[in-house]
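Q: I'd like to learn how to read a protein model feature by feature. Can you walk me through one?

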Amino acid sequence: MATPIKRIEKEFFFKALYDKKIPLIYLWDQKKYFLTLESPVKTELILKLDKPIAELKPRTKMELMFDFQGQVISCVIEIDAIKDGIITAGIPEFLYKNLDRSYSRIAVPQDLQMRFTFHSDRYNLPFPKVSNFVDDSAGDPVKNPLVQSVSALVENLDAWVKGLGGNCKVVIFKDANPSTTEERVVAETGKAFYLASTREPLPETDPFSDGRIITAGLFKRYLESTGVDPKYLDDTCSRFVQSKLGRGIFADVWAPILFQEYIVGYIHVWSKNSWTPPLGATVLDTLYKYARDLVYSLKINGFFEKGRRRNEAFVGRVMDISVSGLLFAYPKSSLSSALLVNSTLLIRLITAGRTINVNAKIVRRYRDSSLGYYGCHFLDTSFDDMGYLFEYLYGKALSDTDAAIFQIGKM
C-alpha cells in the first residue's frame, strides 16, 4: 500500500533531489521527460524540463517519479507557471513510497479514444441507494431450485429459522419507506444490524472480510446524524440494545436484501426464547445467501423490469491511465450515481493500431463540486493486449520484469 512520507523525510528527499541532481520523471504521450530542481526547495518548486511539452499550462497536474537508492517515490504537482521550459509549482502535500500500483500512471495519449459501458443491465428503482455496488450477476444461474418462486423461497427460509427456534419476516420496501431505527440504519449503510445475543452490546469490530455488519461505532455515527448529542451516544446505544432484551428479544438480526446499488428490503430474524443459542456468524452468512436468492428470484420474475434502462456506452473524461487501470471523471448525474465501488465496466480502448476491450472494476471514487472521479482496475487484459498497451503507453517493449509483475498482479 502506498505510504505518505512525513514532513521531515520529505524535506530530506527534496534536498537530495537538488544536491545530487536526481531527475524527476514525467511520462507523457509515450515519451519520458526529465525534470531537475533549479534551486533548493523552500516555498515552491522550480523545475527545468529537458525538452518542451506544448500541452503543459498553468493548473495542469503532473505525476512525477524519481528513484532514490532503488526506491521509487512519487508525487503530484500542479503547475503555477511555465515559461521557457521552467516550471514553478507549489510543494506537494505528500510524497508517496511503497507504491501499490503495478505501473506508472501517465496523461492520456492524444489519439486514444475510450468508451465505457456498464457490465450488466442498469435500473432506476424507487428504493434506497447504498454507497457500494452488489454484482447480482455473480450468482447467475443460482443453483437453488427454489429461486423460480419467491413464495417458495420465503417458506423455506421461514422453516429454516423456525428450526433454529426463531421467528422470521421478509420486508420489501415497495409500499413504504424505512421508518424504524433498524430499517433506516440498514437502508443507509447496506449492512446488517446484527445482535447475536441481546445480552451483549453491538460488536466493536466486523469479523467479516467484506464489511457486512453495523458495528457499535457505525451505529453511533448514525445516531449522531439523527441529532443525538455526542456525549450521550454510548448511553443511547446501550439503552437501545437493552430495550430489546426488556421486550423479551434474545437475538436480533436484520439482513439487507441488495440489488446492485439498491437496498430492496431486509430479512428480519429474532428469537424470544431465552434458551435459544445466539445467532452466530454462520446464521448471518446463510441469511445473506437467502437474500441473494430472493433478489435473483425477484429479478427473474420481472419485479425490477419496469426500472430497466438501456445499457448505452458513455464517454468519461479520462484523467490518467496505466497498463493496469485508469482514472476518469464524469459529471454528477443519474448515471454517475450508479458508478459505485465494485461496479464492473466494459472499457473499449481505441487506438490507431488496435482496439482493446477490457473489463474493469471501480476500486475507489471521490467527488468535487461538479464531478465524480472513478479509479478503475483492469481485470482481464490478455498478455498480448498487455504487451501492446504497454508499448503504446510507455514507448518501449514489455520486458521480462514487467511481464512478471503483470502475472503477479493477475494472481
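A: Sure. Let's begin with how the elements are named: helices and strands are DSSP runs, numbered from the N terminus. Keep in mind that this is a predicted model. With that naming, Arg59 can be placed in the loop between β4 (45-49) and β5 (61-68).

Q: What is the sign of phi at Arg59?

A: The general idea is that most residues other than glycine have a negative phi. Arg59 is not a glycine, yet its phi is positive, about 80 degrees.

Q: Is Arg59 buried or exposed?

A: For burial, look at relative accessible area: under 20% is buried, over 50% is exposed, and in between is partly exposed. Arg59 comes out at 71%, so it counts as exposed.

Q: Where does Gln260 sit, and what is its phi?

A: Gln260 belongs to strand β14. Gln260 also has a positive phi, about 50 degrees, without being a glycine. Its relative accessibility is 1%, so Gln260 counts as buried.

Q: Let's zoom out. How many helices and strands does the protein chain have?

A: The protein chain has eight helices and 20 strands. Its C-alpha atoms fill a box of roughly 80 × 50 × 40 Å along the principal axes. Of the 411 residues, 45% are buried.

Q: What do the contacts tell me about sequence separation?

A: Take the contacts in the protein chain with a separation of 6 or more: 63% of them are between residues 24 or more positions apart. Val318 gives you a case to look at. This residue is in strand β16 (residues 317-322), and its C-alpha atom is separated by 9.5 Å from that of Gln113, although the two are 205 residues apart along the chain.

Q: Which residues does Val318 touch?

A: Not counting residues up to four places away in sequence, Val318 touches Val108, Met114, Phe116, Leu326, Leu327 and Phe328. Val318 counts as buried because its relative accessibility is 18%, and the cut-off for buried is under 20%.

Q: Now the charges. How many salt bridges are there?

A: The idea is to look for a side-chain nitrogen of Lys or Arg within 4 Å of a carboxyl oxygen of Asp or Glu. By this rule there are 14 salt bridges. Try Lys15 and Asp19: their side chains meet in one, at 2.6 Å from N to O.

Q: Why are Lys15 and Asp19 separated by about one helical turn?

A: Because they are four residues apart in helix α1 (residues 7-19). As for the surface, Lys15 is exposed at 54%, while Asp19 is partly exposed at 48%.

Q: Which salt bridge does Asp234 form?

A: Asp234 pairs with Lys220, with the closest N and O atoms 2.6 Å apart. This pair links distant parts of the chain: Asp234 is in helix α5 (residues 233-246) and Lys220 in helix α4 (residues 216-225), 14 residues apart.

Q: Are Lys244 and Asp252 buried or exposed?

A: Both Lys244 and Asp252 are buried. Their side chains meet in a salt bridge at 2.7 Å, N to O. For a network of salt bridges, go to Asp121, Glu305 and Arg308, which are linked in one.

Q: What else does the side chain of Asp252 contact?

A: Polar contacts are the next thing to check. The side chain of Asp252 makes one with the side chain of His268, at 2.6 Å. The His268 side chain has a polar contact with the side chain of Trp254 too, at 3.4 Å.

Q: Where is His268, and what surrounds it?

A: You'll find His268 in strand β14 (residues 251-271). With a relative accessible area of 10%, His268 is buried. Setting aside neighbours within four places in sequence, His268 is in contact with Asn167, Cys168, Lys169, Asp252, Val253 and Trp254.

Q: One for practice: where does Ser336 lie, and what is it in contact with?

A: Ser336 lies in the loop between β17 (325-331) and β18 (344-350). Don't assume that a loop residue must be exposed: at 2% relative accessibility, Ser336 counts as buried. Beyond its neighbours within four places in sequence, Ser336 is in contact with Tyr330, Pro331, Arg365, Arg367 and Tyr374.

Technical notes: Residues are numbered from 1 along each chain as its sequence is written. This is a predicted model: local features need pLDDT of at least 70, side-chain atom pairs count only at pLDDT 80 or more; totals for chains, interfaces and linings use all residues. Side-chain values use heavy atoms; hydrogens and water are left out. Helices (H or I, at least four residues) and strands (E, at least two) are DSSP runs, numbered from the N terminus. Buried means under 20% relative accessible area, exposed over 50%, partly exposed in between (1.4 Å probe, protein chains only). Contact means heavy atoms within 4.5 Å. A polar contact is a pair of N or O atoms within 3.5 Å; within protein, one must be able to donate a hydrogen and the other to accept it, and residues adjacent in sequence count only if both atoms are side-chain atoms.
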